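Biologist: I'd like a close look at the charged side chains in this one, and how they pair up. Please walk me through them, then carry on to whatever else turns up along the way.

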Amino acid sequence: MDRMKHDLLVIGAGPGGYVAALRAAELGMNVACVERESALGGTCLRIGCVPSKALLQSSHIFEQTLSGLGEHGISAAAVECDLEVLMARKGKVVAELTGGIASLFKRARVTRYEGTASFAAAGVIRIEGEVTCEVEADKVLIATGSQTATLPGVELDHDRIATSTEALSWREAPEHLVVIGAGVIGLELGTVWRRLGSRVTVLEYMDTILPGMDGDIVREMQRLLKRQGLTIKLGARVTAAGLVEGMPVVEVEGEDPIKCDRVLLATGRVPYTTGLNLEAIGLATDERGRLTVDDNYETAVAGVFAIGDVIDGPMLAHRAEEEAVACTLKMAGKPGHVNYDVIPGVVYTEPEVAAVGKTEEALKAEAIPYKKGQVFMRANSRAKAGGHIDGRVKILAHAESGLILGAHITGANASELIAEVALAMEHDLTCAQLCATCHAHPTLSEAVRDAARATTI
Ligand code: FAD
Ligand code: NAD
């Protein structure tokens, strides 16, 4: 059987894989992409970023309509939420976006293989799907992403004791939902189901929510999320969860067991390389299941590259996309670079949390001299007019140079506001330069300018 031959074969069509395939095609390569799911877009589009944000948006509107209209003098009677319609909307958003990638593939002449890829030999990939075949490629890019980490003792049945994938599609709000892990997934999906009517208990092993984020910000968020009705138990180490007479019971070290209706396990994600048959090319993963790459994103096996969640780094869609661009540019002999010091992170709770660069704790630990500029949203006219008074902009600048070292924002549109600071950091702007730029009034972005200015005083 003649094998198809490509310059580049990409395994996985998440934000790492599909962006790499499109960019490589633009750079003139003959590219193919293998994806085992019928929809393109990976975790991000099918069961991650996109559906979770659709549910956050719908549930936010519901909560606002239920309890946020009074202060505007607006009343609405008999406000109800049809979960079936809400879920159908989420499905439509996902379908439109994943379908969009299929169109982009066609337009860019990326060959699409539907099936599961495994290495048969160096440069030879076996694809098992409706049709089984082997293809050859000069270069292979592994972008197989990640999956939910399991927790010893927690018996996932993917229904009552579930991962984020199932929690994005429940047909009714659990009466009592226990979330294991106060990380990004736990807080975002915990918020969705609380808004949709569940009593939500979040159990976190550490003594803080969102470990690793700036201390001022997590303390503020802890208070705000509690005020919204999330029960957050810190220092709670879950040792087991299983079904007793069909209902979940969660065991927490030193505490009484917790009975509930559903459990969401959200204690992190792990790289996914299952079934790739890496042994066939003599490629091993590290102790945490990750593939190790060099500065060109090439693994220890020449011609085999890896990007995204499957390698070390923050498991974020935009990080995978950045690596896709840099990796394919380098494959084409052009300069490509990812600035890992300037990768924003966002938690889409209410208010949103957004961060880029170093936390205040990290600056102290590294003995870097810094100045802190902080502005509270309640002092910003647009925030006040819009009724979004919770939150702050905190900017950390080098004490001598004024260069921005980190920014931590809570508040409405924090996810958008962080982009200005990231741009400034990427281009080595000082706080003085940032606030020398005219910002429209009244806007939330004035709070960014004012926090930057506060570091210069
Ligand atoms: P993935 O998106 O995981 O794609 C990998 C693809 O490879 C999958 O489609 C898989 O089917 C395919 N695959 C695997 N093995 C094979 C094989 N052998 N053959 C063929 N195909 C294969 N990040 C953000 O930046 N913002 C967010 O708001 C956000 N929200 C999230 C919400 C949730 C609930 C979850 C779970 C994650 C979220 N993330 C978010 C993280 C984000 O989804 C990931 O960081 C991102 O998808 C990683 O991209 P990737 O291309 O590396 O892998
Ligand atoms: P996470 O690492 O953000 O949080 C996991 C939490 O579980 C941590 O706080 C950890 O201390 C806690 N934990 C671990 N073991 C525990 C135990 N035995 N008992 C109680 N708590 C325990 O992981 P996640 O929330 O599952 O998210 C996975 C990945 O997906 C993250 O890397 C994140 O970057 C990505 N993601 C990003 C977004 C976003 O960008 N908005 C949204 C969702 C997911």
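**Charged side chains and their partners**

Modeller: Happy to! Glu 323 and Arg 319 both sit in helix α8, 4 residues apart, or about one turn of the helix; helices (H or I, at least four residues) and strands (E, at least two) are DSSP runs numbered from the N terminus. Bear in mind that this is a predicted model, where local features need pLDDT of at least 70, side-chain atom pairs count only at pLDDT 80 or more, and totals for chains, interfaces and linings use all residues. Residues are numbered from 1 along each chain as written, chains are lettered from A and ligands numbered from 1 in the order written, and side-chain values use heavy atoms, leaving out hydrogens and water.

Back in helix α8, Glu 323 and Arg 319 form a salt bridge, with 2.9 Å between the closest N and O atoms; the term means a side-chain nitrogen of Lys or Arg within 4 Å of a carboxyl oxygen of Asp or Glu. Glu 323 has 0% relative accessibility and counts as buried, and Arg 319 is also buried, at 0%. Buried here means under 20% relative accessible area, exposed over 50%, and partly exposed in between (1.4 Å probe, protein chains only).

The structure holds 30 salt bridges. Side chains of opposite charge can pair when their charged atoms come close. Lys 372 and Asp 216 make one of these bridges, their closest N and O atoms being 3.0 Å apart. Lys 372 belongs to strand β19 (residues 370–376) and Asp 216 to helix α7 (residues 215–227), so the pair ties together parts 156 residues apart in sequence. Lys 372 is partly exposed, with a relative accessible area of 35%, while Asp 216 is buried at 16%. Both residues belong to a network of salt bridges that also links Asp 214, Arg 219, Glu 360, Lys 364 and Lys 394.

Another bridge joins Glu 287 to Arg 290, with the closest N and O atoms 4.0 Å apart. Glu 287 is exposed at 69% relative accessibility, whereas Arg 290 is buried, with a relative accessible area of 15%.

Charge also gathers without bridging: Glu 321, Glu 322, Glu 426 and Asp 428 form a negative surface patch. Patch members have over 30% relative accessible area and no salt bridge, with like charges joined within 9 Å and nonpolar side chains (Val, Leu, Ile, Met, Phe, Trp, Tyr) within 5 Å. Glu 321 lies in helix α8 (residues 317–331) and is partly exposed, with a relative accessible area of 31%.

Beyond the charges, there is 1 aromatic pair. Trp 170 and Trp 193 form this tilted pair, at 5.5 Å centre to centre and 50° between the planes. Trp 170 lies in the loop between α5 (164–167) and β8 (176–180) and Trp 193 in helix α6 (residues 184–195), so the contact ties together parts 23 residues apart in sequence. For the rule itself, rings of Phe, Tyr and Trp (its six-membered ring) pair if their centres lie within 6.5 Å; planes under 30 degrees apart are stacked, over 60 edge-to-face, and the rest tilted. Trp 170 is buried, with a relative accessible area of 4%, and Trp 193 is buried at 0%.

One last stop is helix α13 (residues 445–454), which contains Val 448. Val 448 is buried, at 0% relative accessibility. Its C-alpha lies 8.7 Å from that of Ile 409, with their positions 39 residues apart in sequence.

Key: Accessible areas come from the Shrake-Rupley method with a 1.4 Å probe; for residues, only the protein chains shown count as cover. Lys and Arg count as positive and Asp and Glu as negative; His and the chain ends are not counted. The place of a charge is taken as NZ of Lys, CZ of Arg, CG of Asp or CD of Glu.
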